[in-house]
Amino acid sequence: MKICLWFRTVDGPWGGGNQFLKALGRELSARGHAITDWPSGGEDLLLINAFNAGANRRLNAREVADVRRSGKWTALSPYTPVALSRARRRRGPAIVHRLDGVGIAVRGVATKADDVQSAVNALTDATIFQTEYCLTSFAAHGVTPAHYTIIPNGVDGSIFYPSAAPRPLGKKLVFIGSSWSSNPRKGFATLAALSEVPDVEVRFAGRWPEAIDSRNVVLLGAKSSHDLADALRDADAMVHAAQNEPCSNAVLEALACGLPVLYLDSGGTREIAGDYGVAIGSDLAANVDALRASYDALRERVRAERSRFLIEAAATAYLREFEIIRSLRG
């Protein structure tokens, strides 16, 4: 199958969607599918990612409608009226839309991204939500596609894998958090507070916001995927305190590395981490004690069920959905 993943990825860190689509493209290519990152004609299926087509490259409904009609993007696509594209005979491929989070819920402010996702979704044949939370949050904002499925993200297991021998748990419990975004809703204040709990060390990989005091957090800076995986394997557990995230790639990377998770029960995080960690409550010291008490069992479960977090599982589910949509298109 010739599949366009309409998103030009970048090698360095640039958010979870970028990381996921890089891994998905590699996996689909390894399975013998021809993968492109821009609709140039002849594709059997087109996957659109949320509201963007790459780093700092926002989509608009006009170009999606034109590709839907003609099958390929041209310099005129961003300027072709949607109504005109709909009025002509459709020659484009089946289109699947991978929805991200609702912007106002994830970032705390309404942006044009929400309007773009809604407008683009109306032009597609099927929708992939990343979690049940993703489905319900979009429904609350009026996005209710007729055909959809729920498929969690997955990560590259050749990069994100556990240490051969489990790390011995010492007196000090080492947590690590990671985020490319520096939005305060990612939970930086909670990580800073956790760093002051006795017998705890908190490390952070990514971009820490200047406006939030990091207190005792060890700032590791932005890291490549390989270096981030090494940092994860050098920790005891993941801490993730973000609000309203649909399906955090950062959490999946930590789980694939064998780490239990101290997580905020918000958004879709419980759906992916609830069986492998402890929810953050009002008493961080008590939360740490609870994680320590169940640590061995949690770590064993994470390792035993690691395949759930890998790109192979996600790619199999995506291909199943792609075949269904192609058959419906005829």
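A residue is called buried if its relative accessible area is under 20%, exposed if over 50%, and partly exposed in between (1.4 Å probe, protein chains only). The model is predicted, so local features need pLDDT of at least 70 and side-chain atom pairs count only at pLDDT 80 or more, while totals for chains, interfaces and linings use all residues. Residues are numbered from 1 along each chain as its sequence is written, and side-chain values use heavy atoms, with hydrogens and water left out.

**Exercise 1. Determine whether Tyr-318 and Phe-322 are buried or exposed, and describe the ring pairs around Tyr-318.**

Step 1. Tyr-318 and Phe-322 are both buried.

Step 2. Rings of Phe, Tyr and Trp (its six-membered ring) pair if their centres lie within 6.5 Å; planes under 30 degrees apart count as stacked, over 60 as edge-to-face and the rest as tilted. The whole structure holds 10 aromatic pairs.

Step 3. One of these joins Phe-20 to Tyr-318, with 5.6 Å between centres and 50 degrees between planes, a tilted arrangement. Phe-20 belongs to helix 1 (residues 15–30) and Tyr-318 to helix 13 (residues 311–329), so this pair ties together parts that are 298 residues apart in sequence. Helices (H or I, at least four residues) and strands (E, at least two) are DSSP runs, numbered from the N terminus. Phe-20 is buried, as is Tyr-318.

Step 4. Tyr-318 also pairs with Phe-322: the centres are 5.9 Å apart and the planes stand at 85 degrees, so the pair is edge-to-face. Within helix 13, Tyr-318 and Phe-322 are 4 residues apart, which means a separation of about one helical turn.

**Exercise 2. State the strand order of the open sheet that contains strand 1, and place helix 1 against this sheet.**

Step 1. The open sheet has 6 strands in the order 2-1-3-4-5-6, with parallel pairing. Two strands pair if DSSP finds at least two bridges between them.

Step 2. Strand 2 (34–36) and strand 6 (148–150) are the edge strands, each pairing on one side only. Neighbouring strands are turned by 20 degrees against each other on average, direction ignored.

Step 3. Strand 1 (residues 2–6) pairs with strand 2 in the parallel sense over 3 bridges, and Cys-4 stands opposite Thr-36 in strand 2.

Step 4. Helix 1 packs on the sheet and touches strand 1, strand 2, strand 3 (45–49) and strand 4 (94–98). Contact means heavy atoms within 4.5 Å. The direction of helix 1 makes about 170 degrees with that of strand 1; axes are lines fitted to C-alpha atoms, for helices over the stretch in contact, and angles run from 0 to 180 degrees between N-to-C directions.

**Exercise 3. Identify the residues that touch the most other members of the largest nonpolar core, and find which helix gives the most to it.**

Step 1. A nonpolar core is a set of buried Ala, Val, Leu, Ile, Met, Phe, Trp, Tyr and Cys residues joined through side-chain atoms within 4.5 Å.

Step 2. The largest such core has 29 residues, of which Phe-160, Leu-232, Leu-255 and Val-261 touch the most other members.

Step 3. Helix 9 gives the most to this core, with 6 residues.

Step 4. Helix 9 also lies across strand 7, strand 10 (237–240) and strand 11, running at about 170 degrees to strand 10. These strands belong to an open sheet of 6 strands with parallel pairing, ordered 9-8-7-10-11-12.
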